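Please examine the sequence and the three-dimensional structure shown below. The paragraphs that follow lead through them step by step.

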Amino acid sequence: MKKYKTSDTSSSSVQEPSTSYGYQNFDDVGIFSLIDIAQKGISFKIFDGLSKKFPFSMQDWADFLHISGKTLSRYQKEDKSFDVLQSEKILQIEMLYKRGEDVFGSSENFLIWLQSENIALGKTKPQDLLGSVFGISLLMDELTRIEHGVLA
């Protein structure tokens, strides 16, 4: 397997990718930085800061990450880092947040959309799709359609 150079990232740079790049604006270095961050694992402290942007309960987050609420509480108590798959999901949800903020012009408008039943998504609330990689991808696609005025 070919090894690629990645830039050194400190724990404080976990917040950087989602704020510096739009969903579709990743170059190879940006993607490899995200891979590196996910492989190192996102600490609960970083996750806690990200999770506060959303109106979701800790049980909602546990469901999105496919872990028990008890496990999530233990992560908090021990300030554990999430595994690779959970870290990737957290990064994907953060990227969705940034994309939604850009499309809707504010986090408030995006969060209203995220919690509202959506006809284009089969009368599903977008937040109900956050537990699946395919669901997050579908939401990204829907945000692109909204951005371009294709609502049906």
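Two aromatic rings, from Phe, Tyr or Trp (its six-membered ring), are said to pair if their centres lie within 6.5 Å. In this structure, which is a predicted model, F44, F47, F54, F56, W61, F64, Y75, F82, Y97, F104, F110 and W113 form one aromatic cluster. The structure holds 15 aromatic pairs.

One of these pairs joins F47 and F82. Their ring centres are 5.1 Å apart and their planes stand at 65 degrees. Planes over 60 degrees apart count as edge-to-face, so the pair of F47 and F82 is edge-to-face. The pair links distant parts of the chain: F47 belongs to helix α3 (residues 44–51), whereas F82 is in the loop between α5 (69–78) and α6 (84–104), and 35 residues separate the two. Both F47 and F82 are buried.

A second aromatic pair is formed by F104 and W113, with 5.6 Å from centre to centre and 35 degrees between the planes, and this pair is tilted. Are the two partners alike in their exposure, or unlike? A residue counts as buried under 20% relative accessible area and as exposed over 50%, with partly exposed in between. F104 has a relative accessible area of 23%, so F104 is partly exposed. W113 has a relative accessibility of 10% and therefore counts as buried.

The chain as a whole may now be considered. It contains eight helices and zero strands, and from the N terminus on its elements run α-α-α-α-α-α-α-α. Of its 152 residues, 42% count as buried. The chain exposes about 8800 Å², and carbon and sulfur atoms supply 52% of this area. Among the contacts between residues at least 6 apart in sequence, 62% join residues at least 24 apart.

Helix α2 (residues 28–40) allows a simple check of length. What span should its 13 residues have at 1.5 Å a residue? The expected span is 1.5 Å times one less than the number of residues, and for α2 it is therefore 18 Å; the end C-alpha atoms of α2 are 18 Å apart, which agrees. Within α2, the residues G30, S33, L34, D36, I37 and A38 are buried. An α-helix has 3.6 residues a turn, so residues three or four places apart point the same way. After α2 comes G41, whose phi is positive, near 90 degrees.

G41 also leads to another part of the chain. The C-alpha atoms of G41 and D83 are separated by 5.5 Å, although the two residues are 42 residues apart along the chain. D83 is found in the loop between α5 and α6. With a relative accessibility of 40%, D83 counts as partly exposed.

The next step concerns two helices that meet. The axes of helix α4 (residues 58–65) and α6 come within 10 Å and cross at roughly 115 degrees. Which residues make the contact? From α4 they are W61, F64 and L65, and from α6 they are Q86, K89, I90 and I93. By type, the residues of this contact of α4 with α6 divide into five nonpolar, one polar and one charged. W61 takes part in a further contact: leaving out residues up to four places away in sequence, S51 touches M58 and W61. S51 has its place in helix α3 and is buried, with a relative accessible area of 4%.

Helix α6 also holds L96. L96 is buried, with a relative accessible area of 1%. Not counting neighbours within four places in sequence, L96 is in contact with F110, L114, L130, I136, L139, M140 and L143. Of these partners, L130 is 34 residues from L96 in sequence, and the C-alpha atoms of L96 and L130 are 9.6 Å apart in space.

The last residue to consider is E142, which lies in helix α8 (residues 133–147). Is E142 buried or exposed? Its relative accessibility is 3%, so E142 counts as buried. Apart from neighbours within four places in sequence, E142 is in contact with W113, A120 and L121. W113 returns the reader to the aromatic cluster, of which it is one of the members.

Methods
Residues numbered from 1 in each chain as written. Predicted model: local features only at pLDDT ≥ 70, side-chain atom pairs only at ≥ 80, totals over all residues. Heavy atoms only, no water. Phe/Tyr/Trp six-rings, centres within 6.5 Å; stacked < 30°, edge-to-face > 60°. Helix = DSSP H or I, 4+ residues; strand = E, 2+ residues; numbered from the N terminus. Buried < 20%, exposed > 50% of the residue type's maximum accessible area, 1.4 Å probe, protein only. Contact = heavy atoms within 4.5 Å. Areas by Shrake-Rupley, 256 points an atom, 1.4 Å probe, with all protein chains shown as cover. Axes fitted to C-alpha atoms, helices over the stretch in contact; angles between N-to-C directions. Nonpolar A, V, L, I, M, F, W, Y, C, P; charged D, E, K, R; others polar.
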